[in-house]
Amino acid sequence: MANLKVNVAGVEFPNPVIVGSASPSMDWIGVKKGIEGGSGGVIVKSLFGEKGKLGRNFPRPRFKLYDYKTYPGYPQSLPHAFTLNSLEECSHFGYQEYMEDVNRAKDAVGDKGIVMASLSGVTLDEWQEMVGLVNETNADWVELNVSCPFAADMGVKMGAGAVDMTADVVRTCANLLKKPFSVKVSPQTVDQSSVALACQEAGAQCINLSARFSGFDLDIDQARPVGPGAQGGWGGPYFIGYGLKNCALAANKLSIPIIAGLGVWDWRDIIKYTMVGASLVQSGVGIMLQGYDVAKKWNEHISQWLDARGYSSLDDIRGIALPNVLKTAQVERAPEGVYAKVDYDKCTKCGVCKRSCFYDAITLTKCGAVIDQHKCDGCGMCMEVCPANAVSMTSPQKRAN
Ligand SMILES: Cc1cc2nc3c(=O)[nH]c(=O)nc-3n(C[C@H](O)[C@H](O)[C@H](O)COP(=O)(O)O)c2cc1C
Ligand code: SF4
Ligand code: SF4
């Protein structure tokens, strides 16, 4: 059986799955459930400093799921591409209650998993004060959260609105922290990996790249944002492409371990993140919508997958995809001989392919969709849209003259 243990900054995590700092980790009961559900660690919902305390109360309701309940077969089948928009900033606790709750969580969890406190300040004084308090708790780990997508919209300099302060925060806190720690950096910047590198140079022991983006949808009848009416966080499986890219870019630059995430929905996503360099992989929406126990299932699948391929641990696959992630300029351009072909046993003559072919290469006949090879660009759109999976693409060598 493959070994799923991961050692990060001297701390041994029983497995790579981390419950992200969010509603499921709002208090010690959630932390306990997270570890009992099979996760290796839980990042407690972030404590905001006093200047950001407005965020300790949340709008109601505050969640909006896009393309979720409409999925055919729901709730027996769940979609693999949807988005959650939410406006829920930080822990509802003040400083003292938070520290007491973290201690309670560690008492409840014992050595079965890693309890990770999460702090988010506005001024450096606030950061220092919170670090002083968390040092005295039994937390196994501390996360400096400089990533909240929308907290700065409360009118304070924090989260994604304080990207320019990230390295200063790290420098200040690294000197005071008595525990292993990670820094959660925002993707809402031109180059998240450069911010991560600056954190490493400022003393960070681990980087968490899993933060969400901010935005809003618009209700056109009311001409106002959907939900609470302001910007909120956007995440969920739809965003995994951003997360994988950001992890790969950072892994090529950093020598410290990475906690990755954004869009984790099943066990394959955890393998993907590991292959682009992550040591730990966290989930927010995945746990929120599939429940704490999904972590157990994910770990079982990961073990089976590693065993079946002869890997003995996650170390064997960490970063193995990085050499295959090409620079845009390295991608092969305009290969000859690639065009669409139709399997007439499958084609239902629905015409869906024709309306999406912008090279005018498809004619609908009584036999089905006919491809004009001289017009076909080989773009592959018809194959993607065909409901009957009747279209495939030829390989470059097979082009007829
Ligand atoms: C409802 C909700 C609340 C969140 N609260 C926090 C928080 O307090 N601190 C934090 O660092 N991240 C917070 N996050 C972000 C998650 O920790 C995590 O980075 C993100 O959800 C990962 O993306 P995913 O949901 O696509 O897995 C929150 C996310 C959600 C959905
Ligand atoms: S979309 Fe598929 S099934 Fe429909 S006409 Fe085109 S090839 Fe045939
Ligand atoms: S591969 Fe592109 S160009 Fe060729 S038939 Fe399909 S949609 Fe048209």
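Lys64 stands opposite Asn85 in strand S7, a good spot to start a tour of this predicted model. The two strands here, S6 and S7 (residues 83-86), pair in the antiparallel sense over four bridges.

Step back, and S6 and S7 turn out to belong to an open sheet of four strands, in the order S6-S7-S15-S12 and with antiparallel pairing. Strand S6 (63-66) and strand S12 (213-215) are the edge strands, each pairing on one side only. On average, neighbouring strands of this sheet are turned by 30° against each other, direction ignored.

Now for the chain as a whole. The domain assignment of the protein chain gives domain 1 (6-324) and domain 2 (332-398). Taken over C-alpha atoms, the centres of domain 1 and domain 2 are separated by 42 Å.

Next come two ligands and the residues around them. Ligand 2 has 14 residues around it, and those that come nearest are Cys347, Cys350, Cys353, Ala369 and Cys386. Helix H10 (352-355) and strand S20 (368-371) each supply at least two residues of this shell. Ligand 3 also has residues around it, 14 of them, with Cys357, Tyr359, Cys376, Cys379 and Cys382 coming nearest.

Here is how the two shells divide by class:

| Shell | Nonpolar | Polar | Charged |
|---|---|---|---|
| Ligand 2 | ten nonpolar residues | three polar residues | one charged residue |
| Ligand 3 | eleven nonpolar residues | two polar residues | one charged residue |

Definitions and conventions. Residues are numbered from 1 along each chain as its sequence is written. Chains are lettered from A and ligands numbered from 1 in the order in which they are written. This is a predicted model: local features need pLDDT of at least 70, side-chain atom pairs count only at pLDDT 80 or more; totals for chains, interfaces and linings use all residues. A residue is near a molecule or strand if its C-beta atom, placed from the backbone, lies within 6 Å of it. Ala, Val, Leu, Ile, Met, Phe, Trp, Tyr, Cys and Pro count as nonpolar, Asp, Glu, Lys and Arg as charged, and the others, Gly among them, as polar. Domain bounds come from an automatic or database domain assignment. Two strands pair if DSSP finds at least two bridges between them. Axes are lines fitted to C-alpha atoms, for helices over the stretch in contact, and angles run from 0 to 180 degrees between N-to-C directions.
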